Amino acid sequence: MIQPLDTSSSTLSSSSSSSSSLIDSNTCTITTIKQKLETEMQCLSWSFPCSFTSKTCFISSLNNTSIHSHSSSLSISPITSQHQLLTLQHICKHHVPQHILQRVEEVGYITPTEIQRQALPVLFSGRDCILHAQTGSGKTLAYLLLIFSVINTQRSAVQALIVVPTRELGMQVAKVARLLADKSCTIMALLDGGTLKRQKTWLKAEPPTIIVGTLGSLCQMLEKHMIKLESMRVLIVDEVDFMFNSSNQVSSLRKLLISYSSINNRQTIFASASIPQHRRFLYDCIQQKWTKSDVVHIHANPIQPMPARLEHRFLICSRSEKHSALLSLLQSDTPQSAIIFVNEQSEKSKKAGNAPATTVVIDALKNSHQGSHEVLLLEEKLNFNSRAASFAELRQGGSYLLVATDIAGRGVDLPDTTHIYNFDLPKDAVHYLHRAGRTGRKPFSESKCVVTSLITSEERFVLQRYENELLFVCKELFL
Ligand SMILES: Nc1ncnc2c1ncn2[C@@H]1O[C@H](COP(=O)(O)OP(=O)(O)OP(=O)(O)O)[C@@H](O)[C@H]1O
């Protein structure tokens, strides 16, 4: 049975002086919980003995918070008035050191995004969490603030580990962490393609406080006992669904979760904008002992998987017309910056001796595009130095047209990207969601960003399927 909340000690405002709670089988609405904003955001919880079918709700004790609990999932619906006034300072006070919070403000993070507002109190409570929220919604800052709340920089030991699927995402996360951390907090990026010799020397000399790593490099170091995880307090797995779906990464990830460390000694956080079959995933987390049994699934905006300010369009053309169609679109759209997604070359096409689509698109842009954009390429088969150079150039700003495979589809944060072009249709709805999510990455901006898919008439029904799955509408475009 669900235990009613005891709200007697909370005070928020005089208008909420009478406490009551209304709970039904799937929706828990706390209509009134009083609490002074000055006191830290306290978390109240109730839970059934844990099995997948049990209900576990975890509630941030905010006024007028509505929590929809489905098994161990919860989503807290948007709140008005006082909650919109809550700053990251309010939420993080007493958890995150003041000098980090000051830095957070200096960087420009004042108001929490929806997932930050919902997740931070739960994260600070020490519960394992699955952070499930739209692309560009600020999941990185949420988990970094948790890390800063638990690490002790006086200790010389690895205390937090962030696992990412690609080198590019790792570089980006390490950069944000360094931007916020003080000098006493050492952050090591242990990424595929890095200089292992230098990293080994560093690890021998002094363990970093935080490691951001890709699984390949991490497991190499763990196998050689170059990294010890006995002091690790937080383990983050970013883009978790991607890693569990990747045949290259899944076995290393399982090892990391079960053999190299234990759920009892760490807080485990999984993050992604897409957790397909999240109830099944939650079940697996508990059964497989990837997380503790009271893990919480926090789902922000569950009925809107993609940011609302994305405008989706499609253009029907034959394969041979695609290059000219893309050039025309660029001319008429005049994007500030854009990413053009191309599928990886198939084995069949390689065997037939065809040039990869990335090369063909790059050549077309270099030869015929009229704009002043820098044309850049990012794909798996580039060597790591070229990938790093492309990525560094992108992050310096300026206008760019990035031609990329799905390697740029996950996590990469280039907030100046105003347009996405699917030169090739993504292989499924999840890929569509992540590609589209490379634009619209300024959380509080209202400006429209555009996602355009160039499709053949036969592909229309596939795109329609994505629309149904992701609950969006794609408008036809005519040149
Ligand atoms: N509270 C905030 N206020 C303003 N900007 C923010 C805030 N939190 C995050 N951002 C910015 O939002 C952008 C997206 O954040 P982030 O990369 O963490 O998204 P994400 O949720 O991890 O997305 P994805 O699922 O695509 O990886 C970043 O440019 C970040 O600087």
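This dialogue reads one residue, one ligand site and the whole chain of a predicted model.

Trainee: What should be known about the model before reading it?

Mentor: It is a predicted model, in which local features need pLDDT of at least 70, side-chain atom pairs count only at pLDDT 80 or more, and totals for chains, interfaces and linings use all residues. Residues are numbered from 1 along each chain as its sequence is written, and side-chain values use heavy atoms, with hydrogens and water left out.

Trainee: How many helices and strands are in the protein chain?

Mentor: Helices (H or I, at least four residues) and strands (E, at least two) are DSSP runs, numbered from the N terminus. The protein chain has 17 helices and 20 strands. One of the strands is S12, residues 267–272, which contains Gln267.

Trainee: Is Gln267 buried or exposed?

Mentor: Buried means under 20% relative accessible area, exposed over 50%, and partly exposed in between (1.4 Å probe, protein chains only). Gln267 has a relative accessible area of 7%, so it is buried. Of the 479 residues in the protein chain, buried residues make up 55%.

Trainee: Which residues is Gln267 in contact with, leaving aside its neighbours within four places in sequence?

Mentor: Contact means heavy atoms within 4.5 Å. With those neighbours set aside, the partners of Gln267 include Leu123, Arg127, Leu146, Val234 and Lys292. Arg127 is 140 residues from Gln267 in sequence, yet their C-alpha atoms are 6.6 Å apart in space.

Trainee: What does the side chain of Gln267 reach at 2.8 Å?

Mentor: A polar contact is a pair of N or O atoms within 3.5 Å; within protein, one must be able to donate a hydrogen and the other to accept it, and residues adjacent in sequence count only if both atoms are side-chain atoms. Here, the Gln267 side chain reaches the backbone oxygen of Arg127.

Trainee: Which residues are closest to the ligand?

Mentor: A residue is near a molecule if one of its heavy atoms lies within 4 Å of it. The ligand is surrounded by 22 residues, and the closest are Tyr109, Gly136, Lys139, Thr140 and Asp413. Helix H5 (residues 139–150) gives the largest share of this shell, three residues.

Trainee: Which side chains have an N or O atom close to a ligand oxygen?

Mentor: Among them, Lys139 places a side-chain N or O atom 2.8 Å from a ligand oxygen atom. For Glu239, the corresponding distance is 3.3 Å. A polar side-chain atom of Arg441 also lies 2.8 Å from an oxygen atom of the ligand.
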